[in-house]
Amino acid sequence: MNRSIPVNVVLALLPVGIALGAVAFDEPFFVTLATRMAILALAATGLNLALGLGGLVSFGHAAFFGIGGYAAGILATHALYMQPILTWPVEIGGTDSMPAIWLVAVVVAGLVALGTGAISLRTSGVYFIMITLAFAQMIYYFAISWPAYGGEDGLSVPTRAVFPGVNTATPMGFFAVCYGALLVGVTIFAILRASRFGAALQAARQNETRLAAVGIAPFRIKLVAFVLSAMLTAVAGALFADLNRFASPSMMSWQMSGELIVLIILGGTGRLFGPVAGAVLFVLIEHLLGGATERWQLFLGLILLGVVLFARGGMVGLLAGKPRHG
Amino acid sequence: MSSALLIEQLLNGLQFGVMLFLMAAGLTLIFGVMGLINLAHGSFYMIGAFACAAVAAWTGSFWLGLVASLAAAAAAGAIVEILVVRRLYERDHLDQVLATFALILIFSEGTRWLFGSFPLYLDIPPVLSGAIPLPGGAQYPLYRLAIIAAGILVAIGLYLLISWTRIGMRIRAGESDREMIGALGVDIGSLYTLVFALGAALAGLAGAMVGALQSVQVGMGEPVLILAFVVIVIGGIGSIKGALVGAVLVGLVDTLGRLLLPKLFAIAMGPSEGATVGAAVASMLIYIVMALILALRPQGLFPANT
Amino acid sequence: MKNFLKTGLLALSLTAASAAFAEPVKIGMITTLSGGGAGLGVDARDGFDLAIKLAGNKDVTVVTEDDAMKPELAVQIADKMIQSEKVDILTGIIWSNLAMAVVPNAVAQGKFYLSVNAGPSPLAGAKCNENYFNVAYQNDNFHEAMGEYATQQGMKKVFIMAPNYPAGTDSLSGFKRFYKGDLAGEVYTKLGQTDYAAEIAQIRDSGADSVFFFLPGGMGIAFVKQYAQSGVDIPLMGPGFSFSQDVLGAIGDAALGAKNSGSWSHDLDNPANKTFVEEFQKAYGRLPSTYAAQAYDTANLILSAAAKADVKDADAFRAALKSADFKSVRGKFKFNTNNHPIQDLYVREVVKEGDVLTNKIIATAFTDHADAYAKDCPLK
């Protein structure tokens, strides 16, 4: 009997449970925590497309996360001060509408991913890990030394962006938007995984030559997966900036890339709800340890090490058993 | 710009490169023989620096500190290999990344627990203080020349070790065919521990030598680690020769880029603006070089026989 | 346990501050306690805790948490402290980029924020807020003081250097605001850079009569050591951060003779400072740094305001804070219209007292110095 369906349902409802519990027990901060979980889970779901399905271990996804964050920050700043971003060839103004911000984030991240991916995918294995890291470092240093939008100081997001029909200024309203985005992200992941594209992508991970032999170009499939993956992560970045009311270069640091990978492995690589489980667990650990001891990073390290050594397959693997397929 | 300045900068680039080589040699060896990505390699660098600073402060001798740094880093390497890393050889790169990422957190906070939150003091030994004249009238610090010399000695030593000794033969065998050497009756377990400890010791040595030039503090290893990865990827993972060439290349490109780019941009954009933009591009330069090299040669400059 | 529930154990003094407050005060301290920047945060925390302990007031609670130098984490902790711990006042952040992330959020939620360090220019100018008080300095101040000193000393060709990030460019423009001579060179280094051989060679080549640099933390330690080893003997000067007590031990004798600016030094002659330096050494076994002094002042400011007004009555409490009616270790202290300090700035020299390297005041750069951004701040 496969336990993954009930486990997935529980995991899908977990952030909602935490948020509703927070309201019931009048602990408003837990709504913020649940929102953070949902956003990080969405970012990791994006990475999971490349990493879990395609076997593309990108150590530079923080760059896309940061691009999303800056898209939100820059557009909202320009909207507030009513300055156009571009006056030529067409005039483009700022906006504080979430769908518009997401569109910009997705397009910019997609274009960057297309360019860097086309080069990175010429390599594989460790080379791929390292070249994605190199591109992210480039963008990180650019953000630090680019004075127009705050440089290392980062960029305040003056007002939280709005979503039609939802009051995003309230914690629950904003949580609803983030959770909705997460569900859409997970659905996209599920649809892609079950599609012919997903099958080809997983085949490319397992045996590239066989795929080429049946007339499918693995390079293209992987590139599309990489770009889609960057796009999802960028939307999460835009939400993250709205949550913190702040975008900063540290969203693009290599530690952030590492954390996204950690979320996936913690939850279970390639599993549909792995990133959700990973994000819930990671945010909770960070919250509880950080509140309990100054040396929380030491214990975080020990916990992560324990998970790799003794809990293969991550949280979902522990709860639901081995996956049915690769 | 005077020729003396240029010569001095070339030496600086070389010294930086040699230091990167000490880090990269261990990383590339560990990857080449065991197939392991070790993000915690920067921690051995930090351990070496802290051990050297502590022992030098206690005994008053930099040289004892240097010995201690080798011993401490090698011991830490061996312990980590036996307790943790040994279980990761058969895993995919993803698990290795997470486990060694966790090791960074543990080592960083552990070191801070042991040595406190403030940076430690470590100075160069008196024998190597002072500067010697360069052609063109400039002065160059003796200690930096000593680092270059030490790096070259280590490179030669590694070459001899790998090409001419029994251990080296086993290492080479391990790089080309892992199952084979097991079948030949070589004790793979202790060979791996040895290689890992050797790599850690080299990183510790680099940390100690550089610690005297820089600040001995928690987190000092990670920036160097990222650069060392750039080096081995440019050079071709698993290749010691590639690590050497890559390290010198990165050292020179970074140093000369920092010197020349702001001047170049200043000509085009005026001094203040040009200095800022030039510095920004200089900080991205090695990553740009790496991307270019990998775009042209996806396996690096000297692809190892994997 | 990190949530130090420091409910003043020692009822030592019977000063005004130890009288029961109308309403208990809960303070959230977010600071850097892990990683390479931990030294500064630890000093700030210790200085703050010391003031609370000496006051011996049971109505003050301090909750401390580590931000690991990450802006995102600092924001999360601030939200937690406001929403979950229900603190009245936030404080403790060391770095400008973290302050920029946390301060606007905290004051937007109606909380007070008191800065123990870091005073980024937007928060002093157009984005100032009535609930944001900076007890330390505006970021440019120390650099301005050094520029003024260079002018006073008649320096003609100064080589200036800082990392390429906002605080670095602010630093050099602050210096240039008061320095009247020529520049022998202006260099921006990479943030986090640890090898300065290239820059030192440029300094040697530049024919400068003095070098002004701003390189916080490990960067500064590395630069000064390498500079001393290089044999270049052009005198060094910098803001106080470069030669603060927390890094002097690691730099060693290479720092001797360097001039640096600050609003505080352990040899400042006033009773409050004497008590502070003595008690700090007694409690922690080391000399306090600027960060500890600023945090100590911040805690005493809060205590003085809480003795006058109820923290829940924001208008009254704000007025009490603004009157700055406390014994500052800096001797005199008052707030400008933008809630940033008006204070004296000194030039200090690194000297050796016994075995310990420390700073000694040698000159006064400014008397009652205010920052350049107050005019952009709408507050009265």
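This passage describes selected helices, helix contacts and individual residues in chains A, B and C of a predicted model.

Residues are numbered from 1 along each chain as its sequence is written, while chains are lettered from A and ligands numbered from 1 in the order in which they are written. Because the model is predicted, local features need pLDDT of at least 70 and side-chain atom pairs count only at pLDDT 80 or more, whereas totals for chains, interfaces and linings use all residues.

We can start with helix α2 of chain A, which covers residues 29-53; helices here are DSSP runs (H or I, at least four residues) and strands likewise (E, at least two), numbered from the N terminus. For its 25 residues, a rise of 1.5 Å a residue predicts a span of 36 Å, and the separation of 34 Å between the end C-alpha atoms agrees with this (the expected span being 1.5 Å times one less than the number of residues). Even so, α2(A) carries a kink of about 40 degrees centred on Leu47(A), the bend being the angle between axes fitted to the seven residues ending at a residue and the seven starting there. Of the 25 residues of α2(A), 24 are buried, so the helix is largely enclosed by the rest of the structure. Burial is judged from C-beta atoms placed from the backbone: a residue is buried if 20 or more others lie within 10 Å of its own, exposed if 12 or fewer, and partly exposed in between. After α2(A) comes Gly55(A), with a positive phi near 65 degrees.

One partner of α2(A) is helix α6(A) (residues 171-194); the two pack at an angle of about 20 degrees with their axes 9 Å apart. Axes are lines fitted to C-alpha atoms, for helices over the stretch in contact, and angles run from 0 to 180 degrees between N-to-C directions. The pair is therefore roughly parallel, given that angles under 35 degrees count as roughly parallel, over 145 as roughly antiparallel, 65 to 115 as roughly perpendicular and the rest as oblique. Their crossing is left-handed, meaning that the near helix is turned anticlockwise from the far one by less than a right angle, with clockwise giving a right-handed crossing.

Chain B offers another packing geometry to look at. Helices α1(B) (residues 3-34) and α9(B) (residues 221-235) meet at about 70 degrees, with axes 9 Å apart, and are therefore roughly perpendicular. The crossing of α1(B) and α9(B) is right-handed.

In chain C, helix α1(C) spans residues 38-55, and its end C-alpha atoms lie 26 Å apart, in agreement with the 26 Å expected for 18 residues. Since 16 of those 18 residues are buried, α1(C) is largely enclosed by the rest of the structure. Just after α1(C), Gly56(C) has a positive phi of about 60 degrees.

Two residues of chain C invite a closer look at the backbone. Most residues other than glycine have a negative phi. Met69(C), however, has a positive phi near 65 degrees; this residue sits in the loop between β2 (60-66) and α2 (71-83) of chain C and is buried, with 23 C-beta neighbours inside 10 Å. Asn339(C) also has a positive phi, of about 65 degrees. The loop between β11 (334-335) and β12 (341-353) of chain C holds Asn339(C), which is buried with 25 other C-beta atoms within 10 Å.
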